[in-house]
Amino acid sequence: MMTQRPHFYHATGAALTLLLGAPVGAHELTAELGNAERAAFDVVAADIATDGRHAIFTMSVAGTPGEDRPEAAGALAGAPVFSYVWPTTLDPSVVGFDAGVGILAFAVTIHPDFDDTPLFDESGSGSTGDDGGTWHSHWVVLGPDEACGPGALKVIDIPEGATPALPLTWPGLPILIDSPGWSPTFDGPRLSVTVPFADIGAVAEARFDGVTAALRVNANVHAPLLCVTDVFDVASGDLSLPGRVGQ
């Protein structure tokens, strides 16, 4: 895996406030080739477009998205996760979390050691508990935690006894994650996911970036539960969220 990219890890809440004033270009965000060792994670372009009350998240890479998968660790502790991620300026309350609690990101992930989509049978096996090894989608709320490394990000933990607002499809893990069941589509060098929204107007005003990354479950299966450990590529190069939602 590639060396961590510090610009990604320093996208804390304070930095995100500054990002709201970043320059905006065309709605499709294009990226330079050759920034990732793995072609399947070398981002060429990322986009969020709207169609009625739906948002279409897309990402194109130099190779074949979804082709590279992490090797199973054999247990939840230390389990690796590969992901295609769209960090956004959307407020987490748009999808059912409390307002202002972190950076809302949409992600397409795979992790063969555990299943975190208990309501859905993505693999078509007849069981809803064995789908971690199938690419699937999540909303996650990211925030900084030095326990993950200097300036590193994690999926925000839910402290014991806390009762935060959570989406109806929250999978029961003690982190700010949603498992809405929208399946990604892979077509050549491009992957896409169509996501419905009650308020598409909020999406139309958002800015975004495209990131490919690896995460890992804490070896102690304890807070911080899920840390970002490697960033393969960032479409903008510096996580400035220059992408603008188009139609």
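Reader: Which residues of the largest nonpolar core touch the most other members?

Author: This is a predicted model. Its largest nonpolar core has 40 residues. Ranked by how many other members they touch, the leading residues are Ile-48, Phe-57, Tyr-84, Trp-86, Trp-139, Phe-197 and Val-203.

Reader: Which helix gives two or more residues to this core?

Author: Strands supply part of the core, with strand 2 (43-51), strand 3 (54-61), strand 4 (80-87), strand 5 (103-110), strand 6 (136-144) and strand 10 (190-196) each giving two or more residues. The remaining element on that list is helix 3 (200-204).

Reader: Outside its neighbours within four places in sequence, what is Val-203 in contact with?

Author: Val-203 is one of the core residues that touch the most other members. With the neighbours within four places left aside, its contacts include Leu-90 and Val-245. The others are Ile-48, Thr-50, Ala-55 and Phe-197.

Reader: How many residues are in the other core that lies apart from the largest one?

Author: Phe-114, Ile-175, Leu-215 and Val-231 are among the members of this other core. Its residue count is 24.

Reader: What is the order of the strands in the open sheet?

Author: The sheet has 5 strands, and the pairing is antiparallel. Strand 1 (29-30) and strand 9 (185-187) are the edge strands, each pairing on one side only. Read across the sheet, the order is 1-2-3-10-9.

Reader: Which residues stand opposite Ala-55?

Author: Strand 3 is joined to strand 2 by 8 bridges and pairs with strand 10 over 7 bridges, antiparallel in the first case and in the second. Ala-55 in strand 3 has Thr-50 opposite it. Toward strand 10, the residue opposite Ala-55 is Val-195.

Reader: In the hairpin of strand 9 and strand 10, which residue takes a positive phi?

Author: Strand 9 and strand 10 are antiparallel and pair over 3 bridges, with Asp-187 opposite Arg-190. The hairpin has 2 residues between the strands. The residue with a positive phi, near 60°, is Gly-188.

Reader: How many residues of strand 6 are buried?

Author: Strand 6 pairs antiparallel with strand 5 over 7 bridges, with strand 7 (residues 153-155) over 3 and with strand 8 (residues 177-178) over 2. The strand is mostly covered. Of its 9 residues, the number buried is 8.

Reader: Which residue in strand 8 stands opposite Trp-139?

Author: Trp-139 lies in strand 6 and is the bridge partner of Phe-106. Elsewhere in strand 6, Gly-143 is opposite Lys-154 in strand 7. In strand 8, the residue opposite Trp-139 is Asp-178.

Reader: How much space lies in the largest cavity?

Author: Rolling a probe the size of a water molecule over the atoms shows where empty space is left. A search of the whole structure gives 2 cavities of 30 Å³ or more. The largest cavity holds about 230 Å³.

Reader: Which lining residues are the closest to the centre of the largest cavity?

Author: Strand 4, strand 5, strand 6, strand 12 (211-217) and strand 13 (226-234) each give two or more residues to the lining. The lining has 23 residues. Those closest to the centre are Val-81, Val-140, Val-155, Leu-215 and Leu-226.

Reader: How many residues of this lining are charged?

Author: The lining of the largest cavity has 18 nonpolar residues. Another 4 are polar. The charged count is 1.

Notes
Residues numbered from 1 in each chain as written. Predicted model: local features only at pLDDT ≥ 70, side-chain atom pairs only at ≥ 80, totals over all residues. Heavy atoms only, no water. Core = buried A, V, L, I, M, F, W, Y, C linked by side-chain atoms within 4.5 Å. Buried < 20%, exposed > 50% of the residue type's maximum accessible area, 1.4 Å probe, protein only. Helix = DSSP H or I, 4+ residues; strand = E, 2+ residues; numbered from the N terminus. Contact = heavy atoms within 4.5 Å. 1 Å grid on protein atoms, 1.4 Å probe; cavity = no way out; pocket = protein on both sides within 12 Å on 5 of 7 lines; lining within 4 Å. Points joined across faces, edges and corners; volume = space filled by probe spheres on them. Nonpolar A, V, L, I, M, F, W, Y, C, P; charged D, E, K, R; others polar. Pairing = 2+ DSSP bridges.
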